[in-house]
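Biologist: Got a minute to go through this one with me? I'd like to hear the reasoning behind each label.

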Amino acid sequence: MNDSTSTPGNLSPKRILVTGGAGFLGSHLCERLLSEGNEVICMDNYFTGSKQNILPLMENSNFELLRHDVTFPIYLEIDEIYNLACPASPIHYQHDPVQTTKTSVHGAINMLGLAKRTGAKIFQASTSEVYGDPKVHPQHESYWGHVNPIGFRSCYDEGKRCAETLFFDYHRQHNLQIKVGRIFNTYGPRMHPNDGRVVSNFIMQALTGEPITIYGEGNQTRSFCYCLDLIDAFVRIMATGDDFTGPVNIGNPDEFTIRQLAEKVIEMTGSSSKLVFNDLPSDDPTQRRPDITKAKEELSWEPKVNLEQGLEKTIAYFDGLLKSGATGQKV
Ligand code: NAD
Ligand code: UDP
Ligand code: UDP
């Protein structure tokens, strides 16, 4: 299990804005920041997040919830911003692709404007998708990527790339303290059961005895990071000095084929589900693994939870959801 107490954290309490705070990663981040005594303002429009995710935090007097769309300006007094607002699963970000780009681009401009006015440090939840379908493997931060600018994934990939551009231009032009983390596939409790991502799909299918849907032949690879490991990296990135801007890759370098993941989930759930092979979506990256040398050197960070340990916790979470009948919730 990840030892979150061993990280730098915030020694003096701060007022921190988390956009997308009611989502999968955002809710874990809010919880972590509150546990360190900070005041947390969670801002979300509930497009894919839910109040359910942050329900346990509502009783904490240091926690405040704002229903707000990051594409609109907002005026707050804060010390730090974690900008996570953006749908992350392909079916969600492709549902309204124009809004997805606006969320990344207008959202970044508003949050950077807010950071500029308040002098807040600002973290951007960027993504391995900035590398597209990479021609360099594993992916190092110096790689510029191989991205289709006009495909179905472009609203997400190019929106996030443009957000990175804005972060670095605000840094150069207005001297903002920016921190850019490139997140690789992350999973864990509070992922939405119907968001179509591979880990949630496979576990839900295995637990309900439905066929496991492999897209393509299942030879494409991903490297899966457990959520609490990732949150630990977020906090470490924010705690770096003024000269550290990133971008820095954060993810688990253990790489698996999608077929291997399916087999592991079947084995761990004891499921009788069979594998079925569907069409591969367009522009689906064939391989992905982070080079985390920079994170190790600059943040003294590397993931501690292996796939089996993380899947065990995630399977238990989805099993609980199924037993409570809560899987149909709108997020
Ligand atoms: P998520 O969908 O659970 O969380 C995103 C949150 O942003 C949701 O609560 C959603 O309601 C909110 N949101 C969306 N549009 C908004 C808007 N216009 N205004 C305000 N709130 C808005 O996804 P997640 O996995 O928790 O991802 C969080 C962040 O991390 C995203 O920026 C995502 O791009 C990034 N990321 C995640 C992964 C991953 O594997 N989970 C990988 C790379 C990057
Ligand atoms: N902004 C915001 N909150 C603030 C300050 C700015 O939401 O506290 C938004 C506002 O919409 C603005 C954008 O951030 O347009 C960019 O701000 P910046 O100061 O860079 O540019 P300008 O105000 O000149 O557009
Ligand atoms: N995938 C799959 N079956 C599913 C869902 C996804 O085979 O039911 C594949 C998908 O084609 C991709 C990989 O799993 O190659 C990871 O998909 P996900 O949507 O989780 O993340 P991303 O493609 O954004 O990395």
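Biologist: Why are α6 and α10 called oblique to each other?

Modeller: This is a predicted model, where local features need pLDDT of at least 70, side-chain atom pairs count only at pLDDT 80 or more, and totals for chains, interfaces and linings use all residues. Residues are numbered from 1 along each chain as its sequence is written, and chains are lettered from A and ligands numbered from 1 in the order in which they are written. Now, α6 and α10 (residues 307–324) pack at about 55°. Angles under 35 degrees count as roughly parallel, over 145 as roughly antiparallel, 65 to 115 as roughly perpendicular and the rest as oblique. The pair is therefore oblique.

Biologist: What are the axes, and how far apart are they in this pair?

Modeller: They're lines fitted to C-alpha atoms over the stretch in contact, with angles running from 0 to 180 degrees between N-to-C directions. For α6 and α10 the axes are 10 Å apart.

Biologist: What makes the crossing of α6 and α10 right-handed?

Modeller: The rule is that the near helix is turned clockwise from the far one by less than a right angle; anticlockwise would be left-handed. The α6 and α10 crossing falls on the right-handed side. Val-199, Ile-203, Met-204 and Leu-207 of α6 meet Thr-314, Ile-315, Phe-318, Asp-319 and Leu-322 of α10, contact being C-beta atoms, placed from the backbone, within 7 Å.

Biologist: What classes of residue make up that contact of α6 with α10?

Modeller: Seven nonpolar, one polar and one charged. Ala, Val, Leu, Ile, Met, Phe, Trp, Tyr, Cys and Pro count as nonpolar, Asp, Glu, Lys and Arg as charged, and the others, Gly among them, as polar.

Biologist: Which residues come nearest to ligand 3?

Modeller: Arg-197, Val-198, Asn-201, Thr-213 and Tyr-215, out of 14 around ligand 3; to be near, a residue needs its C-beta atom, placed from the backbone, within 6 Å. α6 (198–208) and β8 (212–215) each give two or more residues to that shell, and β8 has the largest share, three residues.

Biologist: And which residues are closest to ligand 1?

Modeller: Gly-20, Gly-23, Leu-25, Thr-48 and Gly-49, among 27 that surround ligand 1. α1 gives the most to this shell, three residues.

Biologist: How many helices and strands are in the chain?

Modeller: 10 helices and 13 strands, counted as DSSP runs numbered from the N terminus (helices H or I, at least four residues; strands E, at least two).

Definitions and conventions:
Two residues are in contact if their C-beta atoms, placed from the backbone, lie within 7 Å.
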